Amino acid sequence: MALVKQETLGIGFLGAGDISVLHAAAVKKAHGAKLVGLWNRGQDRAKQRAAEFGCKNYESPEALVKDPAIHAVFVLTNLESHLEYTKLALEHGKHVLVEKPVGATVEEIQTMKKLADAGGLVCMPGHNYVYESGMVRTKELVENGDLGKICSAYVMYNIHHPEEVASRYPGVVRQILTHHSYILLYLVGKPVELCAMKATLHYQTYTEEDIAMVQMRLENGALAHFCASFAADDHAADPWTVMVKVIGTAGSTRYSYRDHVEIKPGLVHSQTYTAYQGSITNEVRHFLIDCLRHGEQPLSTLDDAIVAQKLIEAAEKSIANKSIVAL
Ligand SMILES: NC(=O)c1ccc[n+]([C@@H]2O[C@H](COP(=O)([O-])OP(=O)(O)OC[C@H]3O[C@@H](n4cnc5c(N)ncnc54)[C@H](O)[C@@H]3O)[C@@H](O)[C@H]2O)c1
C-alpha cells in the first residue's frame with residue numbers, strides 16, 4: 001500500500017449530514033490532516049456545513065475526487081449510496097473511510113474490497129466503537145486468556161430516537177445491530193448460529209422495527225446476546241444506554257457510554273455521551289495516522305464488515321422464518 005507522504009493529508013467529505021459534524025471535529029484533532037472540502041446533495045446543507053467547517057463546497061462528487069489536494073474521502077451519505085461513492089473515490093485513487101453499515105449486501109462490500117485491493121488503497125469501515133480504549137483493553141484481555149474461558153458476551157443499546165430522525169435510517173437491525181456485530185467479532189469472535197426477533201413499538205407511521213434482539217452461539221462455545229432499541233431510553237440506575245459485557249471464568253469486563261455524560265442534548269440523544277465523539281475521534285486518527293501514514297491495518301476491516309453483514313442477513317432471515325439460522 002502507498003503511504004501518504006505529503007505534509008498535509010487532505011480530506012474530502014461526500015455527504016454532510018449529522019455524522020459529518022463528528023468527523024469534522026475528529027479531522028481537526030488529527031495531526032497533519034486538513035478537511036479540504038465537502039460535497040452534499042442538497043446545496044443549503046452543503047453551504048452551511050462548508051462555512052461551519054471552514055472548507056470548500058465542491059459542485060459535484062466527481063470534482064471532489066479529482067482534486068489532487070485530497071488524499072482520502074469519507075463516505076458519509078446514507079447506506080443506499082455507500083457503494084456508488086466508495087467506488088468513485090477508489091477509482092480515482094483515494095483512500096476511503098466509509099460509514100457503517102458499509103454496504104447494503106455482502107456483494108457490495110466484496111466489490112469495495114476488490115477495488116481497494118486492486119488499487120493498493122485503504123478502505124476502512126466506520127466501525128467506531130472498537131476504537132475506544134475500553135474495547136481495545138477487553139480484546140487484549142480476551143486474547144491473553146486473562147478472562148479465562150469466555151462464557152458470554154452482551155451488547156446492549158437503548159437510546160430513544162424520535163420518529164423523524166429514525167425514519168432517515170433503516171430499522172435498528174441494520175442501523176444498530178451492525179455496530180453490535182462488528183463489536184462482537186472484534187472482542188470475542190464469530191457466531192455459528194443465531195435466532196432473532198424484532199418489534200415496532202413507538203412509531204406512528206414509520207414501519208421499520210424500533211427494537212430487535214439476537215441470541216447467538218459462538219465458535220468458541222460461548223453464548224451472546226444483542227439488544228438494539230430506538231424505542232425508549234433506559235433511565236434506571238446503571239442504565240444499559242450502550243453497555244458491552246464480556247464474562248469469562250477468570251474475569252469480566254464492562255464498557256458503558258454512561259461513564260462520561262454531559263448534561264446537554266447530543267445530535268439525536270437527550271444527553272451528550274462523550275464516548276460517541278471520542279470513538280470517532282480515535283477511529284479517524286487511526287485511519288489517517290496509523291493506516292495512511294504508517295501502513296497499519298484498520299482494527300475492524302472490510303473482511304469483518306462482510307462477516308458483520310452476514311450476521312445481519314442471518315438475523316433478518318431468522319426474523320422472517322421464525323427460525324434458528326446457521327452461519
Ligand atoms: N458511526 C455511527 O455511530 C453513526 C451514527 C449515525 C450515522 N451513521 C452513518 O452515517 C451515515 C450518514 O448518517 P447521518 O446521521 O449523517 O444522516 P443524515 O440524514 O443526517 O445525512 C445523510 C446525508 O446523505 C445525503 N444523502 C442521502 N441520500 C443520498 C444519495 N442517494 N446520494 C447522495 N447523498 C445522499 C443527504 O443529503 C444527507 O446530507 C449513514 O450511513 C449512517 O448509518 C453512523
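What follows is a friendly conversation about a predicted model and the terms used to describe it.

Reader: How do you know that H180 is buried or exposed?

Author: Buried means under 20% relative accessible area. H180 has a relative accessible area of 2%, so H180 is buried. This residue is found in helix 9.

Reader: What makes the pair formed by the side chain of H180 and the backbone oxygen of C227 a polar contact?

Author: The cut-off for such a pair of N or O atoms is 3.5 Å. Here the side chain of H180 reaches the backbone oxygen of C227 at 2.8 Å, so the distance falls within that limit.

Reader: Which residues does H180 contact, leaving aside its neighbours within four places in sequence?

Author: H180 is in contact with V155, M156, Y157, F226, C227 and A228. Contact here means heavy atoms within 4.5 Å.

Reader: And what does helix 9 pack on?

Author: Let me start with the sheet itself. It is an open sheet of 7 strands with the order 12-11-7-10-9-8-15 and mixed pairing. Strand 12 (251-256) and strand 15 are its edge strands. Strand 7 (residues 150-158) and strand 11 run antiparallel and are joined by 7 bridges, and Y157 has V242 in strand 11 as its bridge partner. Helix 9 (residues 177-187) packs on this sheet, touching strands 7, 8, 9, 10 and 11, and its direction makes about 155° with that of strand 10. Helix 11 lies across strands 8, 9, 10 and 15, at about 55° to strand 8.

Reader: Why are strand 12 and strand 15 called edge strands?

Author: Each of them pairs on one side only. Two strands count as paired if there are at least two bridges between them.

Reader: What makes strand 3 and strand 6 edges in the sheet of 6 strands?

Author: That open sheet has the order 3-2-1-4-5-6, with parallel pairing. Strand 3 (56-57) and strand 6 each have a single partner strand, so one side of each is left without a neighbour in the sheet.

Reader: How do you know that strand 5 and strand 6 pair?

Author: Pairing needs at least two bridges. Strand 5 and strand 6 run parallel and are joined by 4 bridges, so they pass that test. E99 stands opposite G126 in strand 6.

Reader: Why are the buried residues of helix 5 said to line one face?

Author: The buried residues in helix 5 are V106, E108, I109, M112 and A116. Seen down the axis of helix 5, they fall within an arc of 165°, so they line one face of the helix. On the other side, E107, K114, D117 and A118 are exposed. The buried residues pack against helix 4 (82-91), strand 6 (123-126) and helix 11 (302-321).

Reader: How does the reach of helix 5 compare with the expected span?

Author: Helix 5 (residues 106-119) has 14 residues and reaches 20 Å from its first C-alpha to its last, close to the 20 Å expected at 1.5 Å a residue. Just after helix 5, G120 takes a positive phi of about 65°.

Reader: What makes phi of K322 worth a remark?

Author: Most residues other than glycine have a negative phi. Phi of K322 is near 50°, a positive value in a residue other than glycine. K322 lies in the loop between helix 11 and strand 15 (325-326). Exposed means over 50% relative accessible area, and K322 has 79%, so K322 is exposed.

Reader: And which peptide bond is cis?

Author: The bond from K100 to P101 is cis, with omega near -15°. P101 lies in the loop between strand 5 (95-99) and helix 5.

Notes. Residues are numbered from 1 along each chain as its sequence is written. This is a predicted model: local features need pLDDT of at least 70, side-chain atom pairs count only at pLDDT 80 or more; totals for chains, interfaces and linings use all residues. Side-chain values use heavy atoms; hydrogens and water are left out. Helices (H or I, at least four residues) and strands (E, at least two) are DSSP runs, numbered from the N terminus. The expected span of a helix is 1.5 Å times one less than its number of residues. Buried means under 20% relative accessible area, exposed over 50%, partly exposed in between (1.4 Å probe, protein chains only). The arc is that of the directions from the helix axis to the C-beta atoms. Axes are lines fitted to C-alpha atoms, for helices over the stretch in contact, and angles run from 0 to 180 degrees between N-to-C directions. A polar contact is a pair of N or O atoms within 3.5 Å; within protein, one must be able to donate a hydrogen and the other to accept it, and residues adjacent in sequence count only if both atoms are side-chain atoms.
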